[in-house]
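Subject: Structure handover and findings

Dear colleague,

I am handing over the structure shown below, and after it I set out what was found there. Please read the notes with the coordinates open beside them.

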Amino acid sequence: MAWQRRINGALARYTGFHIERVGKAEQRAPQPRKRAETPFRPPADPATDRLLTAPVFVMSPVRSGSTLLRSMLNAHPDLHAPHELHVRRLTVEFGTSLAEKAMEALGHNRADLEHLLWDRVLHRELVRSGKKHVVDKTPANAFAHERIAACWPDARYVFLLRHPASIAASWHEASPDKRTPEEAALDALRYMKAVERARRALPGLTVRYEELTADPEKTCRRICEFLDLDWAPQMLRYGTPDVVTKGLGDWKDKIRSGTVQPGRDLPAEEEVPESLRAMCRTWEYLP
């Protein structure tokens, strides 16, 4: 109404404030645009475009023991397994249309340039370590397994599984104020489904957390054989991980102990949430 606009105008002139209907500001706020997906493809010239040779990716859900496994792998004299690197979130933008045209003239789209960046970051880590092979165990990599496979056609994969109900319980315990047990189960299930999609699409070795904690030597020997590496006994005494930070891996006391600790008891069938039963059957934890 006119009188409301006049009063609001006077209020703004004399006080610097004005009255606005609740929700109007949110309606006016610009919504961030989702970046268009860039087509990705294998390297045009692998010998030139990639510095890494046969990188190793541990594909696993959150809270599945991946920090334990990466710490054991890192203890091998030929494997460098740093903390979670999240390289798939490193992006490239064209500051001008001319920059985009210049890269197109060289045969690069944005995904190509991002792949060059990812490869360079991992290669730098590997060279600084003085070892032969790099390992990345970021759980979210499972959501981008197709792109990772395109970026590194010679990559090798270790799929780490754990009882889905144990994953969900550990995910809730990691941040009990952030998610309820039910929310933790559904959120962790997203990762489990992504890992299963990757496991069906890519060749690799499947190992289980329960086997790793029950018989770590046997499991590590299987991994060494898969990676064509000699067995290294020091994998069983990995020491304190160099990075123990929430968000970059496990930071709990078990992982700080430097040796493999027993896993939690498997839940009884009646304790498994309904939302996780199908995955339990897929991973053969339930009949």
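Two strands are taken to pair if DSSP finds at least two bridges between them. By that rule β1 and β3 pair in the parallel sense, over two bridges, and in this pairing Phe-57 stands opposite Asp-136 of β3. Please keep in mind throughout that this is a predicted model.

Confidence and overall make-up

The average pLDDT of the chain is 88, and 80% of the residues score at least 70. One stretch calls for caution, namely residues 22-28, over which pLDDT stays under 50 and for which the model has three contacts beyond four places in sequence. The chain has 287 residues, of which 45% count as buried, and its secondary structure comes to 13 helices and five strands. Among the contacts in the chain with a separation of 6 or more, 76% are between residues 24 or more positions apart.

The sheet

The five strands form an open sheet in the order β2-β3-β1-β4-β5, with parallel pairing, and the edge strands are β2 and β5, each of which pairs on one side only. At one edge, β2 and β3 pair in the parallel sense over two bridges, with His-133 in β3 as the bridge partner of Leu-79. At the other, β4 and β5 pair in the parallel sense over four bridges, and Leu-160 stands opposite Val-207 in β5. As for strand β3 (residues 133-136), His-133 and Val-135 point one way while Val-134 and Asp-136 point the other way, and all are buried. In a regular strand the side chains alternate between the two faces of the sheet.

The nonpolar cores

The largest nonpolar core holds 40 residues, and those that touch the most other members are Phe-57, Trp-152, Tyr-157, Met-192 and Trp-283. At least two residues of this core come from each of β1 (56-59), α6 (110-129), α7 (145-151), β4 (156-161), α8 (164-174), α9 (181-201) and α13 (274-282), and the largest share, nine residues, is supplied by α9. If residues up to four places away in sequence are not counted, Tyr-157 touches Phe-57, Met-59, Ile-148, Ala-149, Trp-152, Leu-202, Pro-203, Gly-204, Leu-205 and Phe-226. Apart from this core lies another, of 24 residues, which includes Val-58, Tyr-209, Ile-223 and Val-260. In soluble globular proteins, nonpolar side chains tend to be buried together.

Two helices, α8 and α11

Helix α8 is mostly covered, with nine of its eleven residues buried; among them are Ile-167, Trp-171 and His-172. The buried residues of α8 pack against α9 and α13.

In helix α11 (residues 216-226), the buried residues are Pro-216, Thr-219, Cys-220, Ile-223 and Cys-224. Seen down the axis of α11, these buried residues fall within an arc of 140 degrees, and they therefore line one face of the helix. Lys-218 and Glu-225, on the other side of α11, are exposed. The buried residues of α11 pack against α4 (66-74), β5 (205-208) and α10 (209-214). After α11 comes Asp-228, whose phi is positive, near 60 degrees.

Cysteines

How many disulfides does a search of the whole structure find? It finds zero. Two further cysteines may be worth a look when you go through the side chains: Cys-151 counts as buried because its relative accessibility is 0%, where under 20% is the limit, and Cys-280 is likewise buried, with a relative accessible area of 0%.

The loop around Phe-94

Phe-94 lies in the loop between β2 (79-80) and α5 (97-105). Is Phe-94 buried, exposed or partly exposed? Phe-94 is partly exposed, because its relative accessible area of 21% falls between the limits of 20% for buried and 50% for exposed. Leaving aside its neighbours within four places in sequence, Phe-94 is in contact with Ala-99, Glu-100, Met-103, Asn-109, Arg-110 and Leu-113. Of these partners, Asn-109 is 15 residues from Phe-94 in sequence and 10.0 Å from it in space, C-alpha to C-alpha.

With best regards

Technical notes:
Residues numbered from 1 in each chain as written. Heavy atoms only, no water. Core = buried A, V, L, I, M, F, W, Y, C linked by side-chain atoms within 4.5 Å. Buried < 20%, exposed > 50% of the residue type's maximum accessible area, 1.4 Å probe, protein only. Contact = heavy atoms within 4.5 Å. Arc of directions from axis to C-beta. Disulfide = S-S within 2.5 Å. pLDDT = per-residue confidence, 0-100.
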